[in-house]
Structures are given as C-alpha cells and as structure tokens.
Amino acid sequence: MKKSMGELVCPQSECLSRQNHQVLSEKLSEEWLSCDACVEENKGFKCDCSIRDHKSIADSLHDEPNSSFAHSVINMVGMLIGLGQLSTPYALENGGWTSAFLLVGLGGICTYTADLLGKCLDKNPKSRSYTDIGQDAYGSKGKFLAASFIYLQSFMALVSYTIALHDNISVVFEGTQIRLPWPRISTPQLLTIIAVLVALPSLWLRDLSSISFLSSGGILMSLVIFISVTSTAIFGGVITNHSIPVVNFHKIPAISGVYLFSYAGHIIFPNLYKSMKDPAKFAKVCVVSFASVTALYTALGFLGAKMFGSEVSSQITLSLPRHLIVTKIALWATVLTPMTKYALEFAPFATQLELSLPSSLSKKIKMMVRCTVGSILLLLILALALSVPYFEHVLSLTGSVVGVGICIVLPCAFYTKISWSKISKPLLILNMALTAFGALLGAFGTISSAKSLLKSIQGGHRT
C-alpha cells in the first residue's frame, strides 16, 4: 500500500503524523487538510507542494504552538492506545507473568527514544516530522528509510485491523448463515467483505468534518472496549482466579512484537513536540504518557489473563461472556474501529498521490485516480486479511518488523548521527546498545512470529 513515494515533497511521515495528530486535535487536522486544498484552490494559506520546493508545509501549521502540557499528554496517550489493549492479556498469558517486566521495560525504552526525537528536532528547528529527522541524520537515504517504515507499519496495521474486524463480526453475527451460489465463501468472510465495502467510500472523502468525525469515533471505540473489559471483570460474574505461568522463554520473542506494537506511536511525536507551547516539557510529557499507558496495559494484561487463563483469546473481546450486554458493546466497538481507520490511514498517502500527478490533469481526473487507487489498495488489504486471518501472529510480525525500527532502532541511530560531534561517551554507548538490542529483538521476533504464522497457514488452524 505504501511503497516508497520517492521524491514526493510533502514528507511522508509529516503527512502521516499530521493525519494521526488529527485524530486528537481537530484544529491541527483542519490545517493539515487545508494544505491539500490550497494546492488546487490557493485558499487558506500560502503553500507550495511542488516537487521542486522542499519547504515543509508544517512550517505554516505550527507557527503558533498552543498545546499545553495536559493537552499534549492526552494526545500522546490517545495515540498509543489501540489494538495493543486487545492483545496484551494474550501476550502476558503466553509469555508468563514475568513478561510484564518486558512490557514495562519496553515502555521505558520507548519513553527514552520518544524524547530522543524531541532532541533531534531541537537540533534543527526547521525539522517538523519523522522523515525530516531521518533526512537530517542520513540525507535522502534516511528520509526514504523512515518513510518506508512508516508506510509499511500503516499497511500492516490496517491488515491487523481488518483481521480484528473479521474475528469480531463473526461473533456478533454468530449463528447467521448467508449462502451465495458463487463465490463459495464463509458467512464471516462475506460479512467482512460487506463491512469493508461499506467503509470503502470513506477513502474518497476530502471533507474535513467527515474525516475528523471518523477520527474521534476511533478514540471513542478504544475507550468503550477498555470500559467493557473492566466492567466484565467487576460486574460480569467472571471468577478471576486462573493461574498465570511464570515464564515461557520460547514465546518471549513473539510476544515482544505484540508489546512493541502497543507502543508504536513515534511517527507522530514530532508533531506533538512542535505543537507544544513549551517544548522543554516534552520529556515530562513522554514520561507521564508512557507511564499511564504502560500501567493500563499491565493492569489489563493481568486482568484478562486472570479472568480466562490459558483460554484467553488473542483479542480479549472474543473471550468475554457472550450473554453480557457489555460484551456485545465491546464486540461492536471492535467491529466499528477498523471502519474508522481506513480513511485516516489512507488520507496522507492520497494527498501525496494527488500532488505527484501532473498539474495539467483536472481536479476531476485527480479525484478519480485517488478513488481508484484507494479502492484497489483497500481490497488488497481485505484479501490479505482474509487469506491470513491470524491476528496474533500478524500483530507480532508488525511489531517485530517495523515497530522495533520506528520505536527503538531508528530514533537511537538518528540521534547518534545528528549529535555525533557532541554526544557523551556514556550516551553513545547507551544508544548503540539499544540499537543492537532492538535489532536483535526485531530479528528474533520476526523469525518467531513468521514461523508461527507459516505454521498456522500450513495447518489451516489458529494457534
């Protein structure tokens, strides 16, 4: 979905980060989309997104940072909470209760690397995005590398969301039978296809209010899921007395990918940094935000593991008692969440796609190209999700392949290169050690999750 756009000027991560920040800030989202509009209508503010002009559009968007400390914390926490909360109980049960130390440790590392991104931006005030940092560190190769990781993460995350949609819609309509003479597909697959087709027109949206509404809906759904799980534990009559194994060493590499996926929000942190009234407090924002999210993940992980033990599903919503109203609410929330994500994830790619088209093309032709490409990519994601419906393995693979790079390896490498002449020896050693640790963790996690995924595909069953 997100193969390199090469020389496109509106930097990839900049547009993606702006899109993600839009989930949390309607004002910023208005400014972001106005960039796209001004290319064609020359309204709102002056911007030049031509391929020859490498001036960052974000310069116009962040002239007056107005985000307070509390607002920044809320934004960062909101961006970190997502699919991770569905899978943390499964990961903790499979890794053993001592794997919670890995969860907390990775949270601490990601806090540090998030702060490194802020320090990289401080080195060059003109930098606005994750890809800008990559370019500052390693030139066009660094920018290309950062953008590739960002788009790969977005693509794989959407596949994971679609698998979650399939799994939960199967339970929502459990017992329903729909048969077609052709093609021969199962009822859950047919329902998933219908749901994705319903969401498909959202990829064609360029209206700000509509996309902002979808982004707000995604955050609301995440809150509903968390409240539903905790309500079930407190009022649902589920006995939370299952034992959790101490540690399963052979599963640690795979679940590390799940844990890393839960913290993979670094691509929008430069946006948050630039939006703050007092960027000097960014480090505190990172500490408070990651501490809050880590505490939530840890609590939810132990809660789910104690509630269901070895029977806990890779998505906690699938383990909740089916007869409870809160379960039905949680299932519907998980079904609706992916449908709010498609337009948001595709928007920055669509903007750059339009900018890359010849200026001689009419607005109508550009819109047709945008709609056609978006539809094809979403159908590709749908086909992949239905072909490889193994949520836990895809999530782990995503965290191990791209999450570890975006959260650990690249921030450390970028900061080390940018600050090479002034970095202290202890800090240099720390960054090099974290880079090596991240690379090893990613390699072992990728091998482990890939093996499990292939085994599941060959066996035709879920593990």
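**Lining and empty space in a predicted model**

Q: What classes of residue line the second largest cavity?
A: In this predicted model, the lining of the second largest cavity divides into 7 nonpolar, 5 polar and 1 charged residues.

Q: Which residues are closest to the centre of the second largest cavity, and what makes each nonpolar or polar?
A: Of its 13 lining residues, Gly82, Leu83, Tyr161, Ser222 and Thr337 are the closest to the centre. Leu and Tyr are on the nonpolar list, so Leu83 and Tyr161 count as nonpolar. Gly counts as polar, and Ser and Thr are on neither the nonpolar nor the charged list, so Gly82, Ser222 and Thr337 count as polar.

Q: Why is this space called a cavity?
A: A cavity is a set of points where a 1.4 Å probe fits but cannot get out, so that is what the name tells you here. The volume of the second largest cavity is about 90 Å³, and the structure holds 4 cavities of 30 Å³ or more.

Q: Which element gives the largest share of the lining of the second largest cavity?
A: Helix 13 does, with 4 residues.

Q: What makes the largest pocket a pocket, not a cavity?
A: A pocket is an open set of points, whereas a probe cannot get out of a cavity; the name pocket therefore says that this space is open. The largest pocket has a volume of about 370 Å³.

Q: How do you know that Lys251 counts as charged in the lining of the largest pocket?
A: Lys251 is among the residues closest to the centre of the largest pocket. Lys is on the charged list, so Lys251 counts as charged. By class, the lining of the largest pocket has 4 nonpolar, 8 polar and 4 charged residues.

How values were computed:
Residues are numbered from 1 along each chain as its sequence is written. This is a predicted model: local features need pLDDT of at least 70, side-chain atom pairs count only at pLDDT 80 or more; totals for chains, interfaces and linings use all residues. Side-chain values use heavy atoms; hydrogens and water are left out. On a 1 Å grid over the protein atoms alone, a cavity is a set of points where a 1.4 Å probe fits but cannot get out, and a pocket is an open set with protein on both sides within 12 Å along at least five of seven lines; lining residues have an atom within 4 Å of a point. Grid points are joined across faces, edges and corners, and a volume is the space filled by probe spheres set on the points. Helices (H or I, at least four residues) and strands (E, at least two) are DSSP runs, numbered from the N terminus.
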